[in-house]
Amino acid sequence: MNFQQIFNFLAHLQIYNDRNWFNENKHEYNEAKESFEVFINKLIVPLSQLDSSIGTVSAADCIFRIYRDIRFSKDKTPYKTHFSAFIANGGRKTRMAGYYIHLQPDESFLAGGIYAPDPATLESIRNAIYHNPDKMRKILDDKKFKKLFAEISNEDKLKNPPKGYPKNFKEIELIKNKHFVTHFALDNNFFLKENVIKRLMEIFKIQHPFNEFLNEAVQ
């Protein structure tokens, strides 16, 4: 796992984000991609032992393509300037909660949970919170969880409670969420030090109860 190689390639890609440069340096991309795949496959092993819901997946199932969909975007740069993967049952295309890894020079982070769930999944999560508010609150108020993740994402949060949920429900602010996602920023040095898998697992162990709650709701 050569993280410096990955960061070097992505740093150059930020500057030379065009097809000519990419094709001329395809060997560097392939080497960096291979290193990232090795990393994800190694991470899947202890992560699937921690979270049995992950089942049997591989890096190929979990890693996102580097090619951007520019059909409806004003930004016509053809390539993403990061490597990323979502480890969960079903890989990157799943509707389940999982563990997201984002490698980008000076902007790396970990995330987890479920982003932009479909309406049925979102309703299942809201219903689970409504019937088990203390269980979710215990997870969110855990000292280690709060130290790492603070509160879950409130992006696109509803101004009013969704239909069917009383305004005076004690966790109505959680019910208003459209995403149920954690976020933890990492600097480049995190990946350049030894025992990176072990240190990542220490973070994901703290996130695991949150994902477990969501997956119980979805299933």
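User: When do two strands pair, and in which order do the four strands of the open sheet run?
Analyst: Two strands pair if DSSP finds at least two bridges between them. The model is predicted. Its four strands form an open sheet with antiparallel pairing. The order is S1-S2-S3-S4.

User: Which are the edge strands?
Analyst: An edge strand here pairs on one side only. Two strands fit that description: strand S1 (83-87) and strand S4 (180-186).

User: How many bridges join S1 and strand S2, and what is the bridge partner of isoleucine 87?
Analyst: Strand S2 covers residues 98-103. S1 and S2 pair in the antiparallel sense over five bridges. In S2, the partner of isoleucine 87 is tyrosine 99.

User: At about what angle does helix H1 run to S2?
Analyst: Helix H1 spans residues 3-15. The helix lies across S1, S2 and strand S3 (108-114). Its angle to S2 is about 65 degrees.

User: Which helix gives the most to the largest nonpolar core?
Analyst: That core has 65 residues. Phe9, Phe39, Ile40, Leu43, Phe83 and Leu103 have the most contacts inside it. One helix, residues 196-218, gives the most, with 11 residues. That is helix H10.

User: Which residues does leucine 103 touch, not counting residues up to four places away in sequence?
Analyst: Leucine 103 is among the residues with the most contacts inside the largest core. Contact means heavy atoms within 4.5 Å. On that basis, and with those sequence neighbours left out, leucine 103 touches Phe3, Ile6, Phe7, Leu10, Phe36, Phe39, His82, Phe83, Ser108 and Phe191.

How values were computed. Residues are numbered from 1 along each chain as its sequence is written. This is a predicted model: local features need pLDDT of at least 70, side-chain atom pairs count only at pLDDT 80 or more; totals for chains, interfaces and linings use all residues. Side-chain values use heavy atoms; hydrogens and water are left out. A nonpolar core is a set of buried Ala, Val, Leu, Ile, Met, Phe, Trp, Tyr and Cys residues joined through side-chain atoms within 4.5 Å. Buried means under 20% relative accessible area, exposed over 50%, partly exposed in between (1.4 Å probe, protein chains only). Axes are lines fitted to C-alpha atoms, for helices over the stretch in contact, and angles run from 0 to 180 degrees between N-to-C directions.
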